[in-house]
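Subject: Structure handover and notes

Dear colleague,

I am handing over the structure below, and my notes on what was found in it follow. Please read them with the coordinates open beside you.

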Amino acid sequence: MAGRRARGAPPAGATGQHLLRSSRLAAELVRDAGVRRDDVVLDLGAGRGRLTAALSGHARRVVAVELDPRWAACLRGRWPDVDVVEGDATLVPLPAEPFRVVANLPFAHTTAILRRLLEDPRTPLVRADLIVEWDVARRRALPWPSTVNGVCWGAWYRLSVARRLPAGAFEPPPPVAAGVLAAERRPVPLVPPDDADAFRPFVAAGFRRGVRAVASTRALRRLGVAGAAAPRDLDAHQWAALFALCREARRRPSRRPGGPGRAEGL
């Protein structure tokens, strides 16, 4: 059963969040996320604090981020190892040290928060376990058909669906089921983090103008990719390999006799 609402807290649903009804479920999610005693963990959109309470005592430090000042006030001072930050999860500064995220995201802000966490591979995020709408979890975890965000995030993180949560697990119940989307940093990235600022424009241009517009026929042949392939037909591994080949070709001068050296066209 859901616990009583803390005095002064907004009613469930007032903040646009669908809050976990069960402390037991929150404990299961923290256990499944593999949180360790030396971890720093963010709970983004902490709400009434069910996940925060489950994280407390299992991590070295927990940062509970909550936009609504009434919820934030109710969270403060309840756990000695929890820092409560009143702020927007899409804007709050992220830790400079390696950290994890275990959070029940406000569904309306899922994409913005995913971008905040996964866009820059230099952000020291180790793993994120995020409750999102079921279709979002399923779509983000599939390697195909790909999207610009999926390709770019997939270059540095493995995305998977950890479990499905029925609408009745929340208060108020959302119109759809939810899922736990896990993003775990790859031990070996598909693209060097220092190339992130060049990789995203490359992929975005390929989706906008077509694969043939950003890659040479030679590069496509080397990967076994048909020239007529649609951008979404290539997964993160193929886009990363194509990016590497095209960068290599740009650095290599042409061997045409009698003419100045030039980079192979992309």
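Are Trp156 and Phe199 buried or exposed? Trp156 and Phe199 are both buried. Please bear in mind throughout that this is a predicted model.

**The chain as a whole**

The chain contains 10 helices and nine strands, and of its 266 residues 47% are buried. Among the contacts with a separation of 6 or more, 67% are between residues 24 or more positions apart. The exposed surface of the chain comes to about 13,300 Å², of which carbon and sulfur atoms supply 52%.

**Aromatic pairs**

Five aromatic pairs are present in the structure. One of them is formed by Trp156 and Phe199, with an edge-to-face arrangement in which the centres are 6.0 Å apart and the planes make an angle of 85°. This pair links distant parts of the chain, since Trp156 sits in the loop between α6 (148-154) and β7 (157-165) while Phe199 belongs to helix α7 (residues 196-209), 43 residues apart. Both residues are also members of a cluster, in which ring pairs link Trp156 and Phe199 with Phe202, Phe207, Trp239 and Phe243.

**Salt bridges**

The structure has 18 salt bridges, and a few of them are described here. The side chains of Arg100 and Asp39 meet at 3.1 Å, N to O, in one such bridge; Arg100 lies in strand β5 (residues 99-104) and Asp39 in the loop between α1 (23-32) and β2 (40-44), so this pair ties together parts of the chain that are 61 residues apart in sequence. Arg100 and Asp39 are both buried.

Helix α7 takes part in two further bridges, each of which reaches the loop between α4 (110-118) and β6 (125-133). In one of these, the side chains of Glu119 and Arg200 form a salt bridge at 3.0 Å, N to O, with Glu119 in that loop and Arg200 in helix α7, 81 residues apart. Glu119 is partly exposed, its relative accessible area being 30%, and Arg200 is likewise partly exposed, at 22%. In the other, Asp197 and Arg122 meet through their side chains at 3.2 Å, N to O, and here Asp197 is the residue in helix α7 whereas Arg122 is in the loop, 75 residues apart. Asp197 counts as exposed because its relative accessibility is 56%, while Arg122, at 40%, counts as partly exposed.

There is also a network of salt bridges that links Glu28, Arg31, Asp32 and Arg163.

**A buried acid without a salt bridge**

Asp81, in the loop between α3 (69-75) and β4 (82-86), may deserve a look when you consider the charged groups. Asp81 is buried yet has no salt bridge, and the nearest side chain of opposite charge, that of Arg37, is 5.0 Å away; a salt bridge is counted only within 4 Å, so this pair does not qualify. The side chain of Asp81 does reach the backbone nitrogen of Gly57, at 2.8 Å. Beyond its neighbours within four places in sequence, Asp81 is in contact with Ser56, Gly57, Ala59, Arg60, Arg61 and Val62.

**Cis peptide bonds and the loops around them**

In general, most peptide bonds are trans. A cis peptide bond, however, joins Trp144 and Pro145, with omega at about -10°, and Pro145 is located in the loop between α5 (134-141) and α6. Another cis peptide bond joins Glu171 and Pro172, again with omega at about -10°, and Pro172 is found in the loop between β8 and β9.

Pro175 is placed in the loop between β8 (170-171) and β9 (178-185), and Pro175 counts as exposed because its relative accessibility is 81%. Its C-alpha atom is separated by 9.6 Å from that of Glu133, 42 residues apart along the chain.

Trp144 also appears in a pairing with Asp235, as their C-alpha atoms are separated by 6.2 Å although the two are 91 residues apart along the chain. Asp235 is in the loop between α9 (217-223) and α10 (236-251) and is partly exposed, with a relative accessible area of 22%. The side chain of Asp235 reaches the backbone nitrogen of Gln238 at 2.9 Å.

With best regards

How values were computed: Residues are numbered from 1 along each chain as its sequence is written. This is a predicted model: local features need pLDDT of at least 70, side-chain atom pairs count only at pLDDT 80 or more; totals for chains, interfaces and linings use all residues. Side-chain values use heavy atoms; hydrogens and water are left out. Helices (H or I, at least four residues) and strands (E, at least two) are DSSP runs, numbered from the N terminus. Buried means under 20% relative accessible area, exposed over 50%, partly exposed in between (1.4 Å probe, protein chains only). Lys and Arg count as positive and Asp and Glu as negative; His and the chain ends are not counted. A polar contact is a pair of N or O atoms within 3.5 Å; within protein, one must be able to donate a hydrogen and the other to accept it, and residues adjacent in sequence count only if both atoms are side-chain atoms. Contact means heavy atoms within 4.5 Å. Accessible areas come from the Shrake-Rupley method with a 1.4 Å probe; for residues, only the protein chains shown count as cover. Rings of Phe, Tyr and Trp (its six-membered ring) pair if their centres lie within 6.5 Å; planes under 30 degrees apart count as stacked, over 60 as edge-to-face and the rest as tilted.
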